[in-house]
Amino acid sequence: MSNFVRPCTLQFLPPLFFVLVLLLCASYQSASVDLNREDKASLLLFRSWIQDPAHGLSTWFGSNCTTWAGLVCQNHTGQVISINLRNLNLSGHIHPNLCNLLFLETLILSENGLTGQIPLCFGRLQNLKTLDLSHNRFGGVVPDSLMRLGQLKELILNGNHDLGGVVPWWVGNFSTNMERLDLGFNSFHGTIPESLFNSKSLKYLDLGNNNLSGDLHDFFQPLVFLNLSSNSLSGTLPCFSASIRSLIVLNLAMNSIVGGIPTCIASLEELTHLNLSSNHLNFAISPRLVFSEKLLALDLSFNDLSGPLPTKIAETTEKSGLVLLDLSHNCFSGGIPLKITELKSLQALFLSHNLLTGEIPARIGNLTYLQVIDLSRNSLSGSIPLNIVGCFQLLALVLNNNNLSGQIQPELDALDSLKVLDISNNGISGEIPLTLAGCKSLEIVDFSSNNLSGNLNDAITKWSNLRYLSLARNKFSGSLPSWLFTFEEIQMMDFSGNKFSGLLPNGNFNISSEFNNGDVRRLPAEPFLAIRNIEIKISVLVVDNSELSFNYHLSSNAGIDLSDNLLHGEIPRGLFGLQGLEYLNLSYNSLDGQVPSLEKMQRLRALDLSHNSLSGQTPGNISRLKELVLLNFSYNSLSGFVPWKEGYGRFPWSICWKSRFVCGVP
């Protein structure tokens, strides 16, 4: 008897109680399964080759299989039938003795750091039904010995970037039980083997993110999931007729597929996700291409599709319909059809980078579930419709680079969940309404390149989570407010090209975490335009049945741009104490006095103080700013000297031009 199980003793007990205790004892004793000795020896050898910093295998001792982490044993024989060591931070090579577990049915080693090649001896595990080695660091090729695994239902090898070669010719017909094959995110090349197009049992196929080429053919089995994205596949779109009643997900994005979209694609009755983005699809969309109400996500972006937007792209009901529609980065022309406003389930609408004209439909406010609207980079005109406040769940409203006019409506404060608001590069006029203080969730605000005017009001102070604010190239005037530098999360602030006057506010410069983060980030030297380049990428993901996951990424240096205004007076010393600042432009003003010390600005990459009235000596510690790649002091009255060897030779622009600044000679 094992030391961990005490025998049950029953004395002087009533009959019913006797039965209950007997059942409890039987259950307790059955919880202990003696691990087969040979299997135990093989497992200990496997562990001896593994690094286990998180001690995930620390329970591998004794003989009770049920206490060994990740193991399941056969009750009567104690032979191991399942190993699941997912995400235990294991590393090292697989010991060949693991292949002695001949009764193994499930082997899951995914999400670790295991290296080496897939052992040839895995072919001996002929009872395997699931083999999951995904998200490790295995290399080499898939060994041909795996074709002996005739019972295998799932072969999952994705996420091993050094695993490649050609996809084995036998992979589609070695097991009559194969239902799931996942070779995504690896380095396979060549063509898709013919056996995969005829594998009768196959339901789930993922070959995405490899280097596969050749023409795309139709599959002759009823697939449920097909992902061939991020390869170099060519040819035209097949109809996938064999999967007309089964296919749920079809992802062919980022290939070189040409031609039009055949209307037979809409016959896939169970389709919920269709991604054909980033191909070379062209021609107009046929009005007969209408998907069922089961379609949740449709992405046709980054193609060469032309003609008018489809008046009806999918059926819809009160309880189901499209959640994501992305037709951006194409050549669609004409207006936005009213039928789009009938997609009541829609949560994300991307129509940017097309040739669309006309006004934004007023009825867009009927889409009460919308979280993202991106109509940027078209030729839309008119004003922002007031009914847009009906989209009260909006997180991002992106309308930049159109021909919009009118004013910012005070009622927009109803969009109190809004995080991203970009109306830049339009013809919008008037002032910023005080009511916008109600948009307290704003993080990205771009009003640049419009005809906005007036003074800055305190509504902006309510945007406490602000990360990026641009009012550049408008007609704002008045003095800069004292709260200008009081945003804790601010990363970039651009007020350039206005008529702001008065002094630079000398307030508390220590609030912004980005401006005061002194950790030096080693970045490559870039030209001036790249340093101040701003990129905002919005991404959405449809999860579950109808839930949308929203995210955005702001790519920007930590910077302040107050250039091309009417500012005068001295530069506050606190501004030059911002250790995290990477970009500072105060050029084209009337600033005077001396340039403060730069010694604290160790992350500074670009400094432009040109076209002012600064005087005195240049800071003597310029050469210590190792990240600095652009320095412009021209058109001032500065004097000083920076030896060539100590730094002047790094700067691509001449800082001596039109000033008394003296530069060393190499």
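This briefing describes selected spaces, strands and salt bridges of one protein structure. The model is predicted, and its values are computed from the atoms. Among the features covered are a pocket with a volume of about 280 Å³, an open sheet of five strands and a set of seven salt bridges.

**Pocket and cavity**

- The second largest pocket encloses about 280 Å³ of space, and its lining is made up of 15 residues, among which K344, S345, Q347, Y369 and S546 lie nearest the centre of the pocket.
- Sorted by residue type, the lining of the second largest pocket consists of eight polar, four charged and three nonpolar residues.
- The structure also holds one cavity of 30 Å³ or more, and the volume of the largest cavity is about 40 Å³.
- The residues that line the largest cavity are I336, I340, T341, L349, L351, P361, I364 and L375, and this lining divides into seven nonpolar residues and one polar residue, with no charged residue.
- The one polar residue of the cavity lining is T341, because Thr is not among the types that count as nonpolar or charged.

**The five-stranded sheet**

- Five strands form an open sheet in the order 18-20-22-24-26, and their pairing is parallel.
- Strand 18 (258–259) and strand 26 (355–356) are the edge strands, and because each has a single partner strand, one side of each is left without a neighbour in the sheet.
- Within a sheet, strands pair through backbone hydrogen bonds, and the pairing can be either parallel or antiparallel.
- Strand 20, which covers residues 280–284, runs parallel to strand 22, which covers residues 304–308, and three bridges join the two.
- At one position along this pair of strands, N282 stands opposite D304 of strand 22.

**The salt bridge between R86 and D132**

- R86 and D132 form a salt bridge in which the closest N and O atoms are 3.8 Å apart, and the pair links distant parts of the chain, with the two positions 46 residues apart in numbering.
- R86 belongs to the loop between strand 3 (80–84) and strand 4 (91–92), whereas D132 belongs to strand 7 (residues 130–132).
- The two partners differ in their exposure, since R86 has a relative accessibility of 37% and counts as partly exposed, while D132, at 6%, counts as buried because this value falls under the 20% cut-off.

**Salt bridges of K339 and K419**

- K339 forms a salt bridge with E342, and the closest N and O atoms of this pair are 3.5 Å apart.
- Both residues of that pair count as partly exposed, K339 with a relative accessibility of 41% and E342 with a relative accessible area of 35%.
- A further salt bridge brings together the side chains of E443 and K419, with an N to O distance of 3.3 Å.
- E443 lies in the loop between strand 32 (429–430) and strand 33 (444–446), and K419 lies in the loop between strand 30 (403–404) and strand 31 (420–422), so their salt bridge ties together parts that are 24 residues apart in sequence.
- E443 counts as buried at 15% relative accessibility, whereas K419 counts as partly exposed at 26%.

**A shared network**

- Beyond single pairs, R86, E111 and D132 are joined into one network by salt bridges that share partners.

Key: Residues are numbered from 1 along each chain as its sequence is written. This is a predicted model: local features need pLDDT of at least 70, side-chain atom pairs count only at pLDDT 80 or more; totals for chains, interfaces and linings use all residues. Side-chain values use heavy atoms; hydrogens and water are left out. On a 1 Å grid over the protein atoms alone, a cavity is a set of points where a 1.4 Å probe fits but cannot get out, and a pocket is an open set with protein on both sides within 12 Å along at least five of seven lines; lining residues have an atom within 4 Å of a point. Grid points are joined across faces, edges and corners, and a volume is the space filled by probe spheres set on the points. Two strands pair if DSSP finds at least two bridges between them. Helices (H or I, at least four residues) and strands (E, at least two) are DSSP runs, numbered from the N terminus. A salt bridge is a side-chain nitrogen of Lys or Arg within 4 Å of a carboxyl oxygen of Asp or Glu. Buried means under 20% relative accessible area, exposed over 50%, partly exposed in between (1.4 Å probe, protein chains only).
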